[in-house]
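User: I'd like to go through the wording used for this structure. Let's take the terms one by one.
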Amino acid sequence: MGISKIWVLAEASGGNVATITLELLAKARELADTVECVYGGADADAIAATLGAHGASKVLSTGDLGGQLAGVPVAAAVAAAVAAGNGPDAVFLGTTYDGRDVAGRLSVRLDAPVITNVVDLVERDGGLAGVEPVFGGTQNVITKFTTDKVGIFLIRPKSFAAEESGGGAAAVEALTVPDTGATGAARIVNRHVEEKSGPQLDEADVVVAGGRGLGEKDNYALVENLAKALGAAPGASRAIVDAGWVPYSYQVGQTGKVVKPTVYIAAGISGATQHLVGMKGSKNIIAINKDPEAPIFSVADLGIVGDVHKVLPKLLEALQNR
Amino acid sequence: MNVVVCVKQIPDPADPGALDPSTNTLKRDGKLILDESDSYGVEMALQLVDAAGGGEVTLVSMAPNSEVSGLRTALAMGAAKAVLVSDDALKGSDALTTAKVLAKAIERAGAYDLVLAATESSDGYTGTVPEQIAEVLGLPSVTFAKSIAIDGGTAKVDRQTEAGYDEVTCPLPAVVSVTAGVVEPRYPSFKGIMAAKSKPVDEVKVADLGLDAANVGWAGAGQAIVEVADAEARQAGEVVEDDGEGYARIVSFLSDLKII
């Protein structure tokens, strides 16, 4: 697999390009001469300037998806372009809801595997290889493709810094979606936006996350109050999301959001592998846990071995008295 | 209403995982258990069959060494039967091959209305298999379901999104992947555990599914791990016992960083 052309799946909402897309463009630009975006949506014109400014020369747009989830039509369109000889050497997709759908569908259509959970890309044997953290990020494995098919990479958010290239607006071109038969029959009939005040979890400078050590659902208020006092975003471990204390959108970790704030405060979180992967890139980590053996302390800059029910109220009081 | 649930039997997450030094893949030769992520799909399937007033839940799984302990857990919860694909030829299979094998196993499981899977496993976490299965089977799909209701021949799914959730309708048969925490998985009763011991597990080889052993496992994988390296370790900092003044350490830490 030579690396001359990379396609990046562009994602956007309300005319705003997702940060992950800009991150992927920054890396793709480093690796390939030609970087183009693939976009499933009606508003490619609205995002062409931003995508161009981050290095995409073209936006290949399917146009309005008519309520379809992106996976089927976008994958079908990309596969058709590949079959026609117009495809790229590699496709970069973010580890997002739609990115994973497109990658899975595309993989079968091209009969090509996906390298997943990628946090960096390197060249190996003349092709692109993905770097994937395993065991909570204590080890990295590098995986390459062994065929010359299009390389499909699912890349985790926050792996690269978004950076403008100074390019002009990307040229919008149509990408034809072939008939997808029964596979494309799912339809979005209504969208719900969950209003959240305060900073976004994956963009906040400070994150306060709570875990099972809080004891019960009502005690999550301790985390929310501390977050409010610090202008921070509240987060959660998978354990308390699974237990239904807070919505999935609060989850930090392998299956949730990757965060890299200036300060991450883990309250009553033991630090399971799946959680550490999502937060160990934080610049500073404070952990409060009553178990001195908790793995979270192995990554903490400041660890307090104590009861969150005692430490958090005092901390909150001290902050409010300042 | 017949529901097929894809379940994975994984090494106990409580035990530290390790890579097999000769293959650089996850060691899976010890005892395997039901991936907790899959217990939600099993519970959801049982509830849907119950609501429909008839039908059954069938499990499909691919695992080494004829492993059934995870399947027995799900059978004890109430699933009726299972198809287990266990074949040395499958060692080294990537997610795409896994999807092809599971798709064949699903077809073997009999007539179905719905296929459920977790969004991703807790050991390999590629998160692509449900969508790959749907494409192999030529079915529509909805991923990241927070809830599922069946209305005639249509699934009504609330699908997790970055901003909140989407209401999605999808004609059956379909593949739906469910996020953890959508339902409270039941604990198997004693009666369920006893009954599970005699529930049928149809164990098959790759050839029984009409697949060529030369196209699966290591031979069929289109990717290879070329390097394993220790990641840069994060330096552990100071750990102090809370003597009632632990909060003050946090205040000064935040103050030093000019966060407050």
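Analyst: Let's start with "buried": a residue is buried if 20 or more other C-beta atoms lie within 10 Å of its own, exposed if 12 or fewer, and partly exposed in between, with C-beta atoms placed from the backbone. This is a predicted model, where local features need pLDDT of at least 70 and side-chain atom pairs count only at pLDDT 80 or more, while totals for chains, interfaces and linings use all residues. Residues are numbered from 1 along each chain as its sequence is written, and chains are lettered from A, ligands numbered from 1, in the order in which they are written.

User: What makes helix α2 of chain B mostly covered?

Analyst: Eight of the nine residues in α2(B), residues 69–77, are buried. Among them are B:Leu71, B:Arg72 and B:Met77. Helices here are DSSP runs (H or I, at least four residues), and strands are too (E, at least two), numbered from the N terminus. Right after α2(B) comes B:Gly78, with a positive phi near 140°.

User: How many helices and strands does chain A have, and why is it called as compact as a globular protein of that length?

Analyst: Chain A has eight helices and 18 strands. Its radius of gyration is 21 Å, close to the 20 Å from the globule rule for 322 residues, so chain A is as compact as a globular protein of that length. The radius is taken over C-alpha atoms, and the rule is 2.2 Å times the number of residues to the power 0.38.

User: What share of chain A counts as buried?

Analyst: 59% of its 322 residues.
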